[in-house]
Amino acid sequence: MASPVAERTAPAPTPQLQKGEARRRRRFPWFVYVGLLPLFALLGVLAYYPAVSGIYHSFFDWRPGFDSPFVGLENYRTMFADELWWDSFKNLGYIFLVSVTVMWFFPLLAAELVISLKSERLQFVFRTVLIFPLAFPGVVTVLVWSFIFDPNDGMLNQALNAIGLDSLAHNWVGDPATALPALLVIGFPWVASLPFLVFLTALQNIPKEVLEAASLDGCGRLRRVFSIDLPLMAAQMKLLFFLATISVLQFGFAAYLVTGGGPDNATQVPVLRMIGVAFEGSDWGYAATLSSTLFVITALLSGALTLIRRKENSDVRAL
């Protein structure tokens with residue numbers, strides 16, 4: 001071990017060594033940018049170009065392969081007068097409310113039950129069983145539920161008939177009063193989902209010291225959920241809220257396969273309205289207007305939520 005005297009008398013680094021180290025620090029990481037070039041090229045061709053093209057063609061009476069005269073803001077005037085387009089956002093509000101309440105309750109309950117198991121092996125088994133359905137294609141899940149809702153041979157109506165509740169059996173996705181709730185039931189109990197993984201990971205990262213201290217203070221299991229678990233999962237829940245907002249704005253996959261927006265537009269959402277205008281009405285310019293508007297709304301909400309999270313993070317760091 002070097003003595004303090006030796007350390008004090010050690011020669012200082014020469015200017016040549018200092019310059020060499022500075023050059024190594026300032027070396028341009030060209031390999032990183034070269035590696036990112038293919039990614040940026042694909043994003044430009046497959047993501048940014050279609051978005052810019054849609055905004056551009058929203059100002060035209062767009063007819064792919066034919067003359068497309070410039071119409072200015074005419075498509076946007078049509079959009080503001082389109083009652084079906086704006087009514088579809090009402091369904092989105094209902095979908096969003098259910099998504100961040102009911103569809104979060106069961107994943108949170110499952111995560112709390114799994115984390116409460118004392119055996120790590122059992123935790124692993126139940127976690128795997130609950131997550132495994134995520135590997136199934138989404139279209140398979142939707143089609144299975146469409147068979148369940150079938151008015152003639154569907155499992156739901158057959159079960160109601162079997163227990164003597166045949167008066168309740170009817171066309172669930174064919175009735176405007178039940179079509180949208182039936183769509184939201186698809187995937188019940190919604191455990192094999194991203195919220196379950198996020199909640200479970202957050203619970204696993206809670207320090208054991210905190211839980212032991214709460215137990216010594218006589219904190220019960222239910223009180224722990226509201227006093228410890230949920231407050232410590234605030235950041236994860238904000239992330240899920242952000243993702244739910246984006247997901248709901250793009251909702252339409254299940255509705256397209258099961259109801260097509262019907263009956264009587266009861267399950268109409270902006271994405272389906274846009275698809276209907278494009279492929280059924282062949283009004284590509286107006287469809288580009290709707291898609292551009294939805295893109296702008298999504299971008300503004302994403303930017304606002306990102307700024308809010310960044311401000312909150314900066315406030316926390318300031319403390």
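# A guided reading of a helical model

Leu-43 counts as partly exposed, because its relative accessibility is 33%. The model in which this value was computed is a predicted one. Leu-43 is found in helix α3, which runs over residues 30-57, and it belongs to a nonpolar patch on the surface. The other members of that patch are Trp-30, Phe-31, Val-32, Tyr-33, Val-34, Leu-36, Leu-37, Leu-39, Phe-40 and Tyr-48. Together, the residues of the patch have about 1,100 Å² of accessible area.

From this starting point, the view may be widened to the whole chain. The chain contains 17 helices and zero strands. Of its 319 residues, 33% are buried. The accessible surface comes to about 20,800 Å², and carbon and sulfur atoms account for 67% of that surface. The contacts also show how the sequence is folded back on itself: among contacts between residues at least 6 apart in sequence, 67% join residues at least 24 apart.

The interior may be considered next. The largest nonpolar core has 37 residues, and those that touch the most other members are Leu-92, Ile-95, Phe-149, Ile-186 and Leu-290. Several elements give two or more residues to this core: α4, α5, α8 (138-148), α10 (179-185), α14 (234-249), α15 (253-258), α16 (270-280) and α17 (284-318). Leu-92 is in contact with Val-248, Leu-249, Phe-251, Val-269 and Pro-270, when its neighbours within four places in sequence are left aside. A second core, separate from this one, has 18 residues, and Trp-104, Val-114, Leu-200 and Met-233 are included in it.

Two buried residues give further views of the interior. Trp-85 is located in helix α5, which covers residues 83-99. Trp-85 is buried, because its relative accessible area is 0%. Apart from neighbours within four places in sequence, the contacts of Trp-85 are Met-79, Pro-270, Arg-273, Leu-290, Thr-293 and Leu-294. Trp-85 and Leu-272 are separated by 187 residues in sequence, while their C-alpha atoms are 9.5 Å apart in space. The second residue, Thr-298, is placed in helix α17. With a relative accessible area of 13%, Thr-298 is buried as well, because buried means under 20%. Beyond its neighbours within four places in sequence, Thr-298 is in contact with Ile-246 and Leu-249.

Charged residues form another part of the picture. Side chains of opposite charge can pair when their charged atoms come close. The structure holds seven salt bridges. In one of them, Arg-77 is paired with Glu-74, and the closest N and O atoms are 3.3 Å apart. These two residues are three residues apart in helix α4 (residues 74-80), so about one helical turn separates them. Arg-77 counts as exposed, because its relative accessibility is 52%, whereas Glu-74, at 40%, counts as partly exposed.

Another salt bridge connects Arg-221 with Glu-112, the closest N and O atoms being 2.7 Å apart. Arg-221 lies in helix α13 and Glu-112 in helix α6 (residues 102-116), so this pair ties together parts that are 109 residues apart in sequence. Arg-221 is partly exposed, with a relative accessible area of 33%, whereas Glu-112, at 7% relative accessibility, counts as buried.

Arg-221 also forms a salt bridge with Asp-229, for which the closest N and O atoms are 3.7 Å apart. Asp-229 is placed in helix α13, which spans residues 221-232. Is Asp-229 buried or exposed? Asp-229 counts as buried, because its relative accessibility is 0%. Not counting residues up to four places away in sequence, Asp-229 touches Glu-112, Leu-203, Ile-206, Arg-221 and Arg-224. Three of these charged partners recur in a wider arrangement: Glu-112, Arg-221, Arg-224 and Asp-229 are linked in a network of salt bridges.

Notes
Residues are numbered from 1 along each chain as its sequence is written. This is a predicted model: local features need pLDDT of at least 70, side-chain atom pairs count only at pLDDT 80 or more; totals for chains, interfaces and linings use all residues. Side-chain values use heavy atoms; hydrogens and water are left out. Helices (H or I, at least four residues) and strands (E, at least two) are DSSP runs, numbered from the N terminus. Buried means under 20% relative accessible area, exposed over 50%, partly exposed in between (1.4 Å probe, protein chains only). Contact means heavy atoms within 4.5 Å. Accessible areas come from the Shrake-Rupley method with a 1.4 Å probe; for residues, only the protein chains shown count as cover. A salt bridge is a side-chain nitrogen of Lys or Arg within 4 Å of a carboxyl oxygen of Asp or Glu. Patches are made of residues with over 30% relative accessible area and no salt bridge: like charges are joined within 9 Å, nonpolar side chains (Val, Leu, Ile, Met, Phe, Trp, Tyr) within 5 Å. A nonpolar core is a set of buried Ala, Val, Leu, Ile, Met, Phe, Trp, Tyr and Cys residues joined through side-chain atoms within 4.5 Å.
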